[in-house]
Amino acid sequence: MELSRRNFIKFVAGGAAGTALSPLPWKLTDDIAIWTQNWPWVPDPSTGEFTNVNSVCNLCPGGCGISVRKVDTRAVKIDGRTDYPVNPGGICPLGMGGLQLLYNKTIRYPGPMRRIGPKGKGEFVMITWDEALDILAKRISNLRKKGMPEAVAAVDGNQRMSTMSVMVERLLTSVGSPNYVTTPSIDDTYLISNLLLQGTDGPMSYDLENADYVLSFGCGLLEGWGAPGRVMNAWGLWHDSAGKTRAKIVQVESRASNTASKADRWVASRPGTDAALALGLAHVIIKNGLYNSRFINNFSFGFENWTSADGKDHVGFKSMVLDKYSPDQVAKITGLNPEDIVSLAKDFARAKAPIAIYGKGKDDLDGGVYECMAVHILNALVGNINKPGGVLINDPLPLSRLPEIKQDAIFKQGLGKPRIDQAGSLQYPFAGSLINNLTNKIIKSPKSPVDTILIFSANPVYTLPDGGAFKEALEKIPFVISFSPFRDETSYMADLVLPDHTYLEKMVDVVWPTGLQYPFYGLSKPVVEPLYNTRNSGDVIIELSKRIDSTVQSAFPWENFEGVLKARAKGLFKAGGLVTYDNMNPAWERKKYGNGSKHNYTSFEEMWTKIKAGGLWYQPVHGFDGWEGLFKTPDRKFEFFSKRVQLAVDEYAGKTTYKTALKNMGITVTGDQVCMPHYEAVSSDVNMSAYPLRMMPYEMINLASGWIPSPPFLYKTIFDNQLKGDLSFAAVNPKTATEYGLKQGDRVIIKSPAGEVEAGLSLSDGAMPGIVYLPLGFGHTAYDEFLRGKGVNPNEIIDAEKDPLSGHSVWWNTHVNLVRI
Amino acid sequence: MKKGHDQGKHKYGMVIDLDKCTGCGTCMVACAAENNVSVRPDESDKQRSIAWMLLYKIDNGKEFPDTETSYFPRPCMHCDDNPPCVSVCPATATKIDYNTGIVSQIYTRCIGCRYCIAACPYHARTFNWWDGYFPKGKGLDRYLSPEVSPRMRGVVEKCSFCHHRLMRAKDQAYAEGRKELKEGEYITACAEACPAQAISFGDLNNPGHKVSRLSKSPFAFRILEKLGTNPKVYYLSTKDWVRKMADNYLPGEFKPVSKASASADKKTTLQGG
Amino acid sequence: MTHPANSSKKTSKGGWIFLLSGFVLALIVGWVIFPMVLYSKQSQPMNFNHLLHLDPEKVYGIEGDTRAEQCLYCHAFYEDGTFAGIPKVEKCIECHDDPENPLGELPEEMEFLVKYVAEEKEIPWLVYSEQPDCVYFSHIAHVKMGKLDCQTCHGDHDKTEKLPVYQENRLTGYSILIWGKNIAGYKKNTWDRMKMDDCAECHTKKGHEENNACFVCHK
Amino acid sequence: MDSVLIPAGVKRCSLKLFLLWTLPWLGLLAWGALSAFLCLWKGLNQTNMTNYFAFAVWIVFDLSVIALGAGAFFTGFLTYIIGKKELKDIINIAVIIGFICYSGAVAMLGIDIGQPIRGWFIFWHANVHSMLTEVSFCITCYLVVLIIEYVPIILANRKLDEVPDFHLFGNNLHRIMAVFAATGVFLSFFHQGSLGGMYGVMYARPFAFREGFYVWPWTFFLFILSAIASGPSFLILCTKLVQGITRKKLVPEKAFQTLAKISGWLLASYMILKIADTLGWIYGVIPKAGMTFMDFFSEGPYGVWLLICEIIIFGIIPAVILLIPKARQHQGWLITGCLMNCTGIVLNRFVLTIVTLAIPVMPFDKFVSYLPTWQEWGISLALIGFGVLVVSLSYRYLPVFPKEAELNPVAE
């Protein structure tokens, strides 16, 4: 018998039968089924013990409470805290995406870096902290030895009054340089107008939650102004229980931003005319006697005409407004209807708790001082100051002052020199710092007056609305040091990078979020161990001071940064505030009834431990005690006519002529108006026929436009008529588009005197005709594939004017032209 | 096979107040972060990018300055009774749990035929056109949560009402020796994150829960109700034009919620420009 | 090539041998050889003697009235109700804290103290009951609320003196205990297998069909 | 040199010429292979499909070829069950075309799903309520049947036939062919139907949704009818094409006429039902969804012209042509009629697939368009290359046309 075909077939048949009776086929199928479900390269997140670490978000000055969910040592999710007064539960999209900033290795510096490539290329080698600190210390001490400490400058992006900013300023002072410059913030505008109108130096505090009528002049309530978690929560309260709207929200803005489109009333007035509109409303209020005469008569100055000591007659605010800002006159300026202005004014004045709030989108750009004053004056007219649901006047946070700095010769000599940015000079008497002036000075002068510049928590190359001027300046500065944890545009220009921790790896304080109505101090704590060889810049400054020389070191007698935090927090202990929060009675509600706060600690150490645990200290009470002695102006009154301005102008005029003084200060009016809030048409010498349109950058809550980069998550929320591929879009009114023969989706060049950018065109009825709106937050040239080269950055073509009085930059008035590609 | 949902104990649902919604997009980010949703270098191809919770921007079609915009946050509707996507799946990869009302999607079971995507009119289902983006050495996989299994290329995924949070809440309750959950112990990531408290989540079967009250408001409505998909996601808006956007209406078919809304709906904008 | 006409006769008688041999061979392959090639064997990084640790005569401090509670002493729940699984070294050093003086004489203990406690390393245990990433399992729901004993699923693991050899399915990458030692998938005890159907079977038997919904066990 | 393989008594072109002829089709196959590789290796991001267009050109192709391939089972039905003797002369080519269409369709579906290696889950974890499950089961089974029907044709090759066992096997198969034909018919009815059902059951897609009978929406029955109406026409076209290329008469005209007549009658009846269905849809489904007829035909390029083409131009007209004896006896008209008939069915499949997905249902949703990538075209067109090659090879080496020798006596 041989293996014939038939036998073979039999063998196979037998085999088949046998296999069928063995587990092989079934088991194999089952295993294959599982095998097809295993994709080796799909991550398999490790599990472990789940914990939640409470901290404070530090990505903006808002200071929202966050609770970070961890698995063993990994942070896996960020949520809002419900046991935190600022933001009961929610946070903003940026804060929600924070982990991608922590864990994305390619956008972070793994340690100290020294530049090897050309400036701007971002080619570095890692060095040790020792080397890095030595290089920097030597450089500074050499300058001190040479007797030119003022050649050291610093650009500081930390929040005003925060301990980090105090440290940076202190470093400069101790070194002997006056050139401590901050990046812009709306807080500067608030501070100046508060000083001029009220003489107060506390922060602007709006009791939004208790207001029943909010008249916002360009304030991006839903774009990320103040503490987004707090403002959007307020928005929820205002619109609570469908059907009856609790508070009425009016937005004055030329573009249908989220705030404008979700508001109950959108007032689309021409950009830059806020002062005119506000004074127009004042006109109506005064004319109809709707103002609070008790406040005006007893607690204000300069309302009626008055005679000064030298017997000169002066025009009062009332007659100025009645004379120059009638609804018809204002209508011409703003492009609104007179009737609407009247109705708006009446609604505002008749509301129980109306607030007029001033802003420019988010809070990380400057505003106009006269505008801000004009708007704030509406609160004064209706007497809604220091009342529930009004504007509250608070003292600055009661933080202790750090000990005086020992002064040596170099110190005196250096600080004797004028600031390079001329802030506080006769020409800019009220400005604290003017980064745009610094930039121009460096660019203009043959040799940069600044030799070494330290940049903290800032990315000015990207964020400054200066048409790329700051980058040009950095090219000229011999030695640039960045303390940024991120591979941002500015650090790419640096010779030395001393990376800071990210906000989830360090302890740092948040001092009084913009606009919050009660004294608040937040403290973030390390949520995870530092991932890389980075250091808290506070500690770095202390270490650096040691290496410069003994005098500088003597200014920093602390172990570490926490020591400084504690030293300042002593004042909080004296003032006594709450360090825990229960969400049953919100902070803003307590304020209303002014019920006292009983704090639960006896010693400073105990308080500090509790602050570190809870991350907060706040005083939910406010006296609302009338208007007596509230104002700290020269004559202790709310000044419709600012004597400080008068003094400043006179002093400057004394040095030159009255005319030139006003001219240099950027003021076009003369006489008493100068000292009163008034409308200044933005001056511009641009050829209108070459640049017939205007470009305004706009900010979005769901895209970071400050020094913090956007977590990639945010790009999921960007619409494809804002960014498609690498093209970002300019919003233009259909009418304007037809005028220029353009249609949806066209690629255009947007040309301004400062430069040009390419963008797509997105037709929108939310855009005011004649204006081109470009989103801020795109167009990065640094970071990684998620951000680099996506869209354009409008700052590159901004051709900024100067704001009268303050000298801050007027970034919302760039003249442009559209050219189809 | 049809087992009425009402026999189920719970019926988890969502109510989104569009008047409160500010369009900030936190819900989208919270959702993506919570559920390990893939994020790619280019997220601008909206027809292919993955979003369990998606924000739609709508406007009233009027000209400047009378134009008015609003937003529709759109999770999976978790249609009740007979979801259009469930019966079509050939491999039983998606089912509705009548005990919670939640429509599940099992990624390791899905074969990627995309029939469910075609059947869903809400575009609530998205396909993994690519593998997740986790380049070596970038370290982005370090924030992934172990509570939601990351997806492989070629499968369909969608909002799960953060089902793992239900499990989390139950474990917590069990640890405390409780069998039943209290209101608010189980809420989705988007509901928790919303800074304007526009999203409420809870048990529609439980009259005590906020959602079941809100879902009966005269201003409550659902998207494409007429198709009979019976969604468990409700919306609130006092604006007639917004409510009208939610469904297709024959001429004269739409009934404005007149009196109450009349006042609130009137939004005035002043001419400018 | 033979012509069908006459070859048919010759082969038809021997044919049965071929049929049978094919049959038998296939059975051997399916039942014996297949399992051998399917699984790879790995031994644990070190031995652990469960029996010894649970013997109150020899080891003090591991409390618990019931068998389950004794297991939970080391294999504990976290506060949020999630299950710790195999204890971390941190747990062990509650007793075995000093590398200098061990508590017993076993060489394993010394190995543990020197290699892991002193080095502050975790022990890379191979987990017999490791489930795929797509699987969600709540121990507290079963042990505390369901009143199940640990051995319902894990068997008498607590009675072992030596850790069994870890066998990994070359195809799926999971432990042999998931499908069960019996290649035919036939099981005598509840703990012989840990597949989806076994969970479902138990749910159904205990009248908890509702827990057979996909998302209850999948994430 | 391959003459030993060529059927006895027929003439074939030289091998060189034949190989030359296959080149372009091999080219198409190669293109398809590359595309397939890319799609399997890199994933479906190689296509232009989106979350809006979950189904796209591949599905359109699938539905079309499956409908056109219906000629196979239906001719089988007519030949073996009804007993239309004249069709015996064309049944072989019918089977081959059926095989091509179905194997091609299945291969394409294998690439179309995101997890090809899990494709078999449809059977392993079947959801019996899904029309797609029904489709998959029936198509797979029917493909097996087609192979079984194809085998005897292959075995009839001169060389193979010399093997006695094969000869025996072939003959045995031939005898029981009727059984398979019957099975084929049964299976086909169901998968053609369930393919239609796939769309009809999408009740949240008003454009596709249809009421129906028991679990089957009307589209279920319309698909069956349209398939058997177009299948024969497609068979006629293909055979005529082979005749044209080979410049030979291969099948007696009678077979064509029978098929044409039947095709005409079926198409006519299909049209009547289709019109009824459309009216039912316009006055039933659409208003119920709060929409109007024009909502579906004012988006993008999709206008009422679609309906006009589908029903009048490529429906009623070909039906009339095929029903008038004079017309269908005229070759030109016959071809035109069949061509239009097939076009109509393809158009129908296209509309149900693409337009269904293209028309937004949510009022605030937007219309998006879609164009296939070269990879998608590659895989689609490879089907044609594959078909031509199989037919060519079969024609060259197998006695596909029983009457060929008789109709074309080889001159000594």
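## A tour of chains A, B and D

Start in chain A: select Ala730(A) and look across to Leu761(A), its bridge partner in β28(A). Keep in mind as you go that this is a predicted model.

**Stop 1: three strands of chain A**

Now widen the selection to the strands around that pair. Strand β26 covers residues 727-732 of chain A, and β28 covers residues 755-763; the two run parallel and are joined by four bridges. Next, add strand β27, residues 747-752 of chain A, which pairs with β28(A) in the antiparallel sense over six bridges. For one contact point between those two, pick Arg747(A) and find its bridge partner in β28(A), Gly760(A). Follow the backbone from β27(A) to β28(A) and you will see a hairpin, with two residues between the strands.

**Stop 2: chain B as a whole**

Hide chain A for a moment and show chain B. Its secondary structure comes to seven helices and 11 strands. If you draw a box along the principal axes, the C-alpha atoms fill roughly 55 × 45 × 35 Å. How does the radius of gyration of chain B sit with a compact globule? Chain B has 20 Å, which agrees with the value near 19 Å that a compact globule of 273 residues would have.

Colour by accessibility and 71% of the 273 residues of chain B count as buried. The accessible surface is about 8300 Å², and 52% of that belongs to carbon and sulfur atoms. A contact map is worth a look too: of the contacts in chain B with a separation of 6 or more, 65% are between residues 24 or more positions apart. Finally, mark the charges: the mean positions of the 40 positive and 30 negative ones are 3 Å apart.

**Stop 3: an open sheet in chain B**

Stay in chain B and select four strands in the order β8-β1-β10-β9, which make an open sheet with mixed pairing. Strands β8 (199-203) and β9 (220-221) stand at the edges with a single partner strand each, so one side of each has no neighbour in the sheet. Zoom in on the β9 edge: two bridges join β9(B) to strand β10, residues 233-236 of chain B, and these two run antiparallel. Here Phe221(B) stands opposite Tyr235(B) in β10(B).

**Stop 4: chain D as a whole**

Switch to chain D, whose secondary structure comes to 16 helices and two strands. Its radius of gyration is 22 Å, close to the 22 Å given by the globule rule for 412 residues, so chain D is as compact as a globular protein of that length. The C-alpha atoms fill a box of roughly 75 × 55 × 35 Å along the principal axes.

Buried residues account for 60% of the 412 in chain D. Chain D exposes about 16500 Å², with carbon and sulfur atoms supplying 76% of it.

**Stop 5: two residues of chain D**

Select Ser230(D), which lies in helix α10, residues 218-246 of chain D. Is Ser230(D) buried or exposed? Its relative accessibility is 0%, so Ser230(D) counts as buried. Leaving out residues up to four places away in sequence, Ser230(D) touches Ala67(D), Leu68(D), Asn341(D), Cys342(D) and Ile345(D).

Last, go to Pro116(D), in the loop between α4 (88-112) and α5 (121-124) of chain D. With 36% relative accessibility, Pro116(D) counts as partly exposed. Beyond residues up to four places away in sequence, Pro116(D) touches Leu40(D) and Gly110(D). Try the distance tool on the C-alpha atoms of Pro116(D) and Leu40(D): they are separated by 7.9 Å, although the residues are 76 apart along the chain.

How values were computed
Residues numbered from 1 in each chain as written. Chains lettered and ligands numbered in written order. Predicted model: local features only at pLDDT ≥ 70, side-chain atom pairs only at ≥ 80, totals over all residues. Heavy atoms only, no water. Rg over C-alpha atoms; globule rule 2.2 N^0.38 Å. Buried < 20%, exposed > 50% of the residue type's maximum accessible area, 1.4 Å probe, protein only. Contact = heavy atoms within 4.5 Å. Areas by Shrake-Rupley, 256 points an atom, 1.4 Å probe, with all protein chains shown as cover. Lys, Arg positive; Asp, Glu negative; His and termini not counted. Charge placed at Lys NZ, Arg CZ, Asp CG, Glu CD. Pairing = 2+ DSSP bridges.
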